[in-house]
Each structure stands twice: as C-alpha cells, then as structure tokens.
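Biologist: I should like to examine the terms applied to this model one at a time. Please set each value against its definition.

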Amino acid sequence: MRYSIAVMPGDGTGPEVINEGLKVLDAAAARAGFSYELTHYDFGGARYLRTGETLPDSAISELGAHDAILLGAIGHPEVKPGVLELGILLKARFALDLYINLRPVKLFPGVETPIKDKGPKEIDFVVVRENTEGLYASTGGFLKKGTPDEIAVQDSINTRKGVERCIRYAYDYALRDDRHNQLTLVGKTNVLTFAWDLWWRAFNEVGDADYPKVRREYAHVDATCMWFVKNPEWFDVIVTDNMFGDIITDLGAMIQGGMGVAAGGNLHPGKIGMFEPIGGSAPKYTGQNVINPLAAIGAVQMMLDYLGERDAAGWVEKGIINAVSKMQSLNAGHMGMGTDEVGDLVAKFVANKG
Ligand code: IPM
Ligand code: MN
C-alpha cells in the first residue's frame with residue numbers, strides 16, 4: 001500500500017511534535033511494509049499573519065485528495081482568538097465533511113490519573129462526537145444587536161441523516177474486537193426534548209434494526225461528567241453531539257493523564273481523516289525541545305488504525321507505553337529527556353519489533 005498524507009505542522013510546538021510523529025510513522029512503515037508520500041502545508045497563525053489567509057478553498061480540495069491529514073497545532077499568541085479555530089480547524093471539519101470526532105480515553109500503564117483508585121483497567125473508553133452539526137453549525141443571529149433589548153440566538157442543528165451516520169459509526173466501533181460491544185448515548189433527553197428525541201429514536205431504531213449484538217445504555221451529559229470521575233469503567237463506546245462531545249472529551253483527556261497524551265481524529269469514514277494531538281500549540285515551549293510528543297505520536301497511531309494498518313497502530317501504542325515507563329513525567333520540561341529523545345525511543349521500539 002502507498003498512502004498520501006498531508007502534513008500541517010501548524011504553530012508553536014506543532015512542528016516539533018509532528019517531527020517526532022513522522023519518525024514513528026517512518027519506523028512503522030518500514031516494519032509493516034507500506035509506503036507513503038508526505039505533502040507539507042504551512043497553514044497556521046504565522047502564515048495568516050503574513051498573508052491574511054487561513055485555509056483557502058483551493059487548499060480544501062487539495063487536502064481532500066489525500067488519504068489522511070496529520071495536524072500539529074493551530075494557535076498563535078498574536079492572532080485574535082477564534083480566527084484560526086474557525087478559519088482552519090472548523091473550516092476543515094465542515095468543508096471536508098469530517099463528521100466524526102473520535103477521542104479515545106485510555107489510561108496507559110504508568111501514567112498518573114487524578115482519579116483515585118482507578119487504573120488502566122477502569123479508564124478505557126472511546127467518545128464518538130458528532131463533528132459537523134449541533135451548536136457548531138453556526139446558524140442563528142442577532143436581533144436588536146447592541147441595544148438593551150438585544151437577542152442572540154444560537155441554534156442546535158440536528159439532522160436525521162447527520163445523527164444517524166454518526167450513530168452508525170459508533171455502533172460499528174462498539175463491535176470492534178478491541179471493544180466490549182456496549183454503546184452509551186450521552187444526551188439530555190429530559191430537557192432538550194426536540195434534539196434528543198431525534199437522537200433517542202435514531203439510536204434505538206438503528207440499534208434494533210442492525211446492531212442486535214450491541215448493548216445499549218443512555219446517560220445524561222451532566223451525569224456522565226460525574227461517572228467519568230466516579231465510575232469510568234462503566235463506559236466502552238460513547239456517542240454524543242458536537243457540543244456535549246467537546247466538553248466531555250476535555251474531562252476525558254484529564255483522566256487519561258492530560259494533554260501530553262491525548263489525541264483525536266476528525267473522520268469522514270472511508271474517505272479521509274485528520275488526526276491531531278489535542279493539546280494546542282503551547283507557544284511558550286516553542287523550540288526548546290521540552291514538549292511531550294506522545295500525543296502527536298498517538299495521533300499517528302490513530303491515523304494508522306484508520307488507514308487499516310492495525311498491526312502498526314498496535315506497535316506504536318506499545319512504543320508509547322514503553323516510552324512512558326522511561327520518562328520522569330509527561331509534563332513539558334519535566335520529562336527527564338528531550339522531545340526528540342522521546343520520539344527516538346518510540347521509533348526505535350517500533351523498529352526493533354518491541
Ligand atoms: C476541540 C477544540 C475545538 C472545538 C476548538 C479549538 C474550535 O476545542 O477540538 O475540541 O471546540 O471543537
Ligand atoms: Mn474542545
């Protein structure tokens with residue numbers, strides 16, 4: 001197999017962590033026997049400040065022609081908040097119709113969690129977040145803006161098609177051999193009675209018709225936050241809408257050990273996926289070789305899995321676990337080794353058939 005991969009290192013420490021991810025990709029390819037072609041794109045804050053361009057339409061079609069996109073980090077201290085998030089990240093999600101945001105929450109052995117008495121056995125679930133609708137669809141508007149009678153409306157868009165394709169992906173995921181065939185719908189059926197009525201019906205109709213082997217559960221989103229902390233072992237695969245998914249996956253990232261290890265994928269299954277460490281650009285650490293690249297390496301792992309290179313993804317995961325066991329801490333500046341050494345460690349582990 002030969003894959004075409006677009007690389008967008010982005011801002012801040014993005015390029016450093018992507019370098020390490022690419023080292024690991026190289027080692028995985030050599031061992032698994034696939035090849036790939038990289039195309040680099042310099043979209044991000046620096047380019048925006050230079051040219052005023054975020055992610056032009058012409059780039060969307062170019063990016064969309066790849067099998068996958070590997071993204072470092074978007075965010076620049078001199079750019080007003082929102083410009084790059086909307087102009088690059090959300091634009092790519094919408095324009096490429098990346099309707100799934102996949103966020104594994106997995107505590108690796110040796111990683112510290114703030115949750116007392118819980119370990120890798122208890123913290124291992126996946127959140128499937130709808131990624132193109134809900135409150136993120138950006139419909140609504142102002143009435144009497146700037147007056148004391150001002151009204152702001154922000155609609156939550158839930159289409160049967162959009163909800164159903166997301167739910168189907170989550171059911172399929174629950175049937176994977178590395179999952180336990182349980183799918184929890186996380187919503188707010190008790191209050192948001194239009195949106196969650198549609199989700200509830202789609203969830204049950206699709207489950208009844210096509211997924212008899214998947215055990216169905218339901219939890220309200222507020223209670224879910226409580227269970228993440230109290231009983232994370234209750235979850236296997238979760239499916240939820242865009243806004244709820246955004247919120248609960250930050251909580252998920254914390255219980256799996258923080259931003260140093262958390263990765264995510266934005267997918268249009270069967271077409272293209274964009275993978276990223278979710279920690280941001282961490283500008284104050286830029287160029288110091290102190291940032292933790294494991295989340296970016298985790299993004300490469302997810303990309304390999306998405307491409308169907310599941311053995312290679314498994315090696316990378318083992319390589320990450322091995323690196324964790326040798327690092328002093330997962331926090332930037334306290335790892336006991338440099339960014340490049342962490343990448344070398346994982347790449348070597350993958351290459352040496354560890
Ligand atoms: C995420 C981020 C984005 C989101 C922001 C940066 C637009 O928080 O990927 O979870 O809200 O989806
Ligand atoms: Mn978020």
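**Terms and values**

Modeller: By class, 18 nonpolar, 5 polar and 8 charged residues make up the lining of the largest pocket. Here Ala, Val, Leu, Ile, Met, Phe, Trp, Tyr, Cys and Pro count as nonpolar, Asp, Glu, Lys and Arg as charged, and the others, Gly among them, as polar. This is a predicted model, in which local features need pLDDT of at least 70, side-chain atom pairs count only at pLDDT 80 or more, and totals for chains, interfaces and linings use all residues. Residues are numbered from 1 along each chain as its sequence is written, chains are lettered from A and ligands numbered from 1 in the order in which they are written, and side-chain values use heavy atoms, with hydrogens and water left out.

Biologist: What is the volume of the largest pocket, and what makes a set of points a pocket?

Modeller: The volume is about 660 Å³. Of the 31 lining residues, the closest to the centre are Tyr173, Arg176, Gln301, Asp305 and Glu317. On a 1 Å grid over the protein atoms alone, a pocket is an open set with protein on both sides within 12 Å along at least five of seven lines, whereas a cavity is a set where a 1.4 Å probe fits but cannot get out; lining residues have an atom within 4 Å of a point. Grid points are joined across faces, edges and corners, and the volume is the space filled by probe spheres set on the points.

Biologist: From which domains does the lining of the largest pocket draw its residues?

Modeller: It draws at least three residues from each of domain 1 (1-98 + 261-354) and domain 2 (113-256). These bounds come from an automatic or database domain assignment. In addition, 14 residues of domain 1 are in contact with 12 residues of domain 2, contact meaning heavy atoms within 4.5 Å.

Biologist: How many disulfides are found, and why is Cys166 not bonded to Cys225?

Modeller: The search of the whole structure finds 0 disulfides. A disulfide is a pair of cysteine sulfur atoms within 2.5 Å. The sulfur of Cys166 is 18 Å from the closest cysteine sulfur, in Cys225, and therefore too far for a bond.

Biologist: Why is Cys166 called buried, and Cys225 partly exposed?

Modeller: Buried means under 20% relative accessible area, exposed over 50%, and partly exposed in between (1.4 Å probe, protein chains only). Cys166 has 0% and is therefore buried, whereas Cys225, at 26%, counts as partly exposed.
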